[in-house]
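User: I would like a close look at one small part of this protein. Please show it first, then explain how that part fits into the whole.

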Amino acid sequence: MRQQVLVLYLADSRLDSPVVGWTSYDGTGRTSPTTGDGDEPPYDSGVEALRDGWRLFQAAQLIPPYPGHEYDVSFLKHEYFFERIVEVREPQAG
């Protein structure tokens with residue numbers, strides 16, 4: 001069994017809001033995705049990832065901006081981590 005991880009950055013804190021950034025990691029070794037390797041997100045929202053079998057295991061902590069910094073540009077705040085566990089069959093010896 002191996003873990004695949006999908007990180008979705010959403011437009012706001014709602015899990016059904018649009019995906020604005022993403023990356024994925026494949027513990028199976030079958031693929032080698034990198035950040036920015038596609039123009040289209042793998043899902044339109046976090047809810048779509050759930051419907052496709054991904055399990056949500058971490059959501060962004062909602063921290064209000066410091067007064068006077070409401071419009072500062074910084075990191076993408078609404079980060080959600082998903083995982084799925086997939087079976088990996090090892091090649092038969094001999």
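Analyst: Let us start with one residue. In this predicted model, Val20 touches Tyr9, Leu10 and Ala11, leaving aside residues up to four places away in sequence. Val20 sits in strand 2. Is it buried or exposed? Val20 counts as partly exposed, because its relative accessibility is 47% and the partly exposed range lies between 20% and 50%. Look also at Leu8. Its C-alpha atom is separated from that of Val20 by 7.7 Å, and the two residues are twelve apart along the chain.

Now move one place back, to Val19. Which residues does Val19 touch? Leaving out those up to four places away in sequence, they are Leu8, Tyr9, Leu10, Pro41, Tyr43, Asp44 and Ser45. Val19 also belongs to the largest nonpolar core. That core has ten residues in all: Leu6, Leu8, Leu10, Val19, Trp22, Tyr43, Ala49, Trp54, Tyr80 and Phe82. At least two of them come from each of strand 1 (2-10), strand 2 (19-26) and strand 4 (79-86). Strand 1 gives the largest share, three residues. There is a wider pattern here. In soluble globular proteins, nonpolar side chains tend to be buried together.

Next, the sheet. Four strands form an open sheet in the order 2-1-4-3, and the pairing is antiparallel. Strand 2, the home of Val20, stands at one edge, and strand 3 (55-59) stands at an edge too. Each has a single partner strand, so one side of each is left without a neighbour in the sheet. From one strand to the next, the twist averages 20°. Strand 3 pairs with strand 4 over four bridges, in the antiparallel sense. Ala59 has Tyr80 of strand 4 as its bridge partner. Tyr80 is a core residue as well.

Finally, step back to the whole protein. It has one helix and four strands. From the N terminus on, the elements run β-β-α-β-β. The radius of gyration is 16 Å, well over the 12 Å that the globule rule gives for 94 residues, so the protein is more spread out than a compact globule. The C-alpha atoms fill a box of roughly 65 × 25 × 20 Å along the principal axes. Of the 94 residues, 28% count as buried. The accessible surface comes to about 6900 Å², and 51% of it belongs to carbon and sulfur atoms. Take contacts between residues at least 6 apart in sequence: 64% of these join residues at least 24 apart.

Definitions and conventions: Residues numbered from 1 in each chain as written. Predicted model: local features only at pLDDT ≥ 70, side-chain atom pairs only at ≥ 80, totals over all residues. Heavy atoms only, no water. Core = buried A, V, L, I, M, F, W, Y, C linked by side-chain atoms within 4.5 Å. Buried < 20%, exposed > 50% of the residue type's maximum accessible area, 1.4 Å probe, protein only. Helix = DSSP H or I, 4+ residues; strand = E, 2+ residues; numbered from the N terminus. Contact = heavy atoms within 4.5 Å. Pairing = 2+ DSSP bridges. Axes fitted to C-alpha atoms, helices over the stretch in contact; angles between N-to-C directions. Rg over C-alpha atoms; globule rule 2.2 N^0.38 Å. Areas by Shrake-Rupley, 256 points an atom, 1.4 Å probe, with all protein chains shown as cover.
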